[in-house]
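Student: Could you give me a close look at one part of this model, the open sheet and what packs around it? I would like to know how its strands are joined and what the helices do.

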Amino acid sequence: MKIFTSEQLRNLDSYTIEHEPISSIGLMERAAKALTKAIVEEWPKTDKPIVVFAGPGNNGGDALAVSRMLAESGYQVSVYLFNINNHLSDDCATNKARIIESKRVKAFVEITSEFEPPKLESDMLVIDGLFGTGLNKALTKGFASLVRYINASPAKVISLDMPSGLMTEDNSFNAAQNIIKADTTLTLHTIKLAFLFAGIQQYIGKLKVLDIGLSKEFIDKEETQYVMLEQKDIAPRMLQRNPFAHKGNMGKAMIIAGSYGMAGAAILMTQACLRSGAGKVMAYTPTLNYAIMQTSVPEAIVVPGSHDEKFTEAINTEDCTALGIGPGLGQDEDTAIAFISQLRRTQAPVVADADALNILSNHRAWMQQLPKGIILTPHPKEFDRMAGNASSDEYERLTKARDLAEHLQANIILKGHYSALCTPEGKIYFNTTGNAGMATAGSGDVLTGIITGLLARGYRPKDASIVGMYLHGLAGDLAAATIGEESLVASDIIRFLPKAFKKIMSKE
């Protein structure tokens with residue numbers, strides 16, 4: 001699913017109006033019908049008051065049309081239209097005339113100067129139609145005061161398209177206290193970029209995306225920087241296994257992970273790599289981890305390192321088809337030198353995680369030596385350290401990750417609820433699988449192992465990243481469906497990987 005900017009959304013509306021063809025007011029009426037239907041489902045109590053706050057633009061026009069339709073369905077609707085500059089959009093003005101003509105709403109008040117807000121009670125529904133996707137600066141003065149008043153009330157709030165005060169993409173310089181905190185957001189046609197950030201969830205509440213029949217032709221041909229991954233995007237990328245395959249042509253992965261006391265990272269990564277289809281997996285780990293690795297992962301070829309407790313010497317990876325490195329390595333200086341030496345001599349595709357990223361953060365000049373196409377999988381704090389400074393919010397961090405991916409010609413997976421793959425071409429793919437139960441130690445090691453296995457199998461770095469993070473989240477979802485989120489551990493993700501593969505490849 002493509003995610004469009006606010007400008008692209010305006011263009012999508014315009015294209016639909018021109019090519020369907022349909023009038024602008026006709027498209028607004030269609031949107032209002034979809035919004036009204038969703039509101040009735042959320043608020044079936046026709047005997048309870050509804051208070052609608054409508055702004056002067058098209059979001060306000062939507063709110064007025066919805067008010068009229070709700071009133072015609074028997075709801076007790078009071079409408080407050082804010083027209084403080086004595087200028088309404090054309091469609092908002094048309095719906096103002098229609099709502100007055102219908103004479104069905106309980107009260108209609110147009111505010112041009114002073115405003116005495118109605119008392120909002122716990123048994124009331126507030127419909128927020130003040131501002132939509134066109135907002136480009138923080139709310140101030142009267143509108144800011146109204147937002148704070150609504151947020152302080154006990155009434156339930158439903159926002160139309162966007163919670164008023166929230167901007168579609170960048171809220172870095174927004175005023176948090178001047179954004180509506182909706183219980184439900186009914187957004188039109190597509191998710192907005194801001195909705196994917198954890199810090200924004202407090203404003204949108206429960207999210208519903210309503211299809212209002214905008215132009216499929218425009219959507220198909222319009223290029224966009226942001227994409228939300230769906231299962232239909234994953235299945236075509238899956239490599240099929242040749243019936244005559246043998247382990248020698250299914251890829252050979254090298255895992256360099258673990259230090260004394262951190263054998264678990266190497267175990268999880270190696271197990272995940274094996275479960276991801278690699279024909280042969282070699283695990284290079286310190287000597288003191290040798291016995292536990294041999295016992296825990298009998299299918300792997302365990303290579304004892306030259307040091308008892310840590311990784312201190314780069315190894316030959318000439319016959320390997322992928323290298324996964326980082327989890328549990330530690331950050332000692334001799335380990336750091338061995339790490340960069342390993343990257344210099346490795347010709348196969350590489351995925352680096354955890355301590356590999358921390359080493360890069362401590363030696364930022366080394367990032368210029370990273371091989372083209374490398375996959376880096378930082379969580380937010382790891383990325384901030386790599387970038388050299390903390391980001392003020394998630395949009396800024398995502399922008400930095402995109403820029404760094406382009407600069408390094410790397411694939412950067414910024415991990416989170418919606419993990420985001422930033423590619424060397426500047427595109428960003430958001431993953432849609434996964435759950436809060438996966439917020440557990442070792443989950444990232446499993447992701448690194450999965451991607452390493454896919455690289456070894458022959459997936460290109462971009463496809464290995466996309467398929468890997470989707471499979472990782474899907475396995476977590478299947479695990480949570482069986483055992484619940486609270487008790488989920490990283491090894492459960494590995495245990496459900498076969499079912500995740502099967503689900504995608506059978507197109508269930």
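What follows is a walk through that sheet, with a short visit to another part of the chain at the end.

Tutor: Happy to. This is a predicted model, in which local features need pLDDT of at least 70 and side-chain atom pairs count only at pLDDT 80 or more, while totals for chains, interfaces and linings use all residues. Residues are numbered from 1 along each chain as its sequence is written, and side-chain values use heavy atoms, leaving out hydrogens and water.

The open sheet has eleven strands with mixed pairing, in the order β1-β9-β18-β17-β16-β15-β14-β13-β10-β11-β12. Strands (E, at least two residues) and helices (H or I, at least four residues) are DSSP runs numbered from the N terminus, and two strands pair if DSSP finds at least two bridges between them. At the edges sit β1 (2-3) and β12 (301-304), each pairing on one side only.

Let us start with β13 (residues 322-325). Both of its faces are covered: A322 and G324 lie on one side, L323 and I325 on the other, and all are buried (under 20% relative accessible area; exposed is over 50%, and partly exposed lies in between, with a 1.4 Å probe and protein chains only). In a regular strand, side chains alternate between the two faces of the sheet. β10 (residues 252-256) runs parallel to β13 and is joined to it by four bridges, with I255 opposite G324. β14 (residues 350-352) is also parallel to β13, through three bridges, and here V351 is the bridge partner of G324. G324 thus has a partner in β10 and another in β14.

The connection from β13 to β14 goes through helix α11 (residues 333-345), and the three make a right-handed β-α-β unit. Right-handed here means that, with the strands pointing away from the viewer, the path from the first strand over the helix to the second runs clockwise. Within α11 you will find L343, which counts as buried because its relative accessibility is 4%. Leaving aside residues up to four places away in sequence, L343 touches V350, L370, P371 and I374, where contact means heavy atoms within 4.5 Å. One of these, I374, is 31 residues from L343 in sequence, yet their C-alpha atoms are 9.8 Å apart.

Now move along the sheet to β9 (residues 226-228), which pairs in the parallel sense with β18 (residues 428-430) over three bridges. V227 has Y429 of β18 as its bridge partner. Two helices lie across this region. Helix α14 (residues 394-408) lies across β9, β16 (411-414), β17 (420-422) and β18, at about 165 degrees to β16. Helix α16 (residues 461-483) lies across β15 (375-376), β16, β17 and β18, at about 15 degrees to β16. These angles, from 0 to 180 degrees, are between the N-to-C directions of axes fitted to C-alpha atoms, for helices over the stretch in contact.

α16 has 23 residues and reaches 32 Å from its first C-alpha to its last, close to the 33 Å expected at 1.5 Å a residue; the expected span is 1.5 Å times one less than the number of residues. Just after α16, G484 takes a positive phi of about 90 degrees.

For another part of the chain, look at β3 (77-82). Six of its six residues are buried, with V77, V79 and L81 on one side and S78, Y80 and F82 on the other. β2 runs parallel to β3, through five bridges, and I50 has V77 as its partner there. β4 (residues 107-111) also pairs with β3 in the parallel sense, over five bridges, Y80 being matched with V109. The crossover from β3 through helix α4 (residues 90-102) to β4 is right-handed, and β2, helix α3 (residues 58-72) and β3 likewise make a right-handed unit.

β3 also helps to cover the buried residues of helix α5, together with elements including β2, β5 and β6. Those buried residues are F143, A144, L146, V147 and I150. They lie on the same side of α5 because they cover an arc of only 160 degrees around the axis, taken from the directions from the axis to the C-beta atoms. On the other side, K141 and A152 are exposed.
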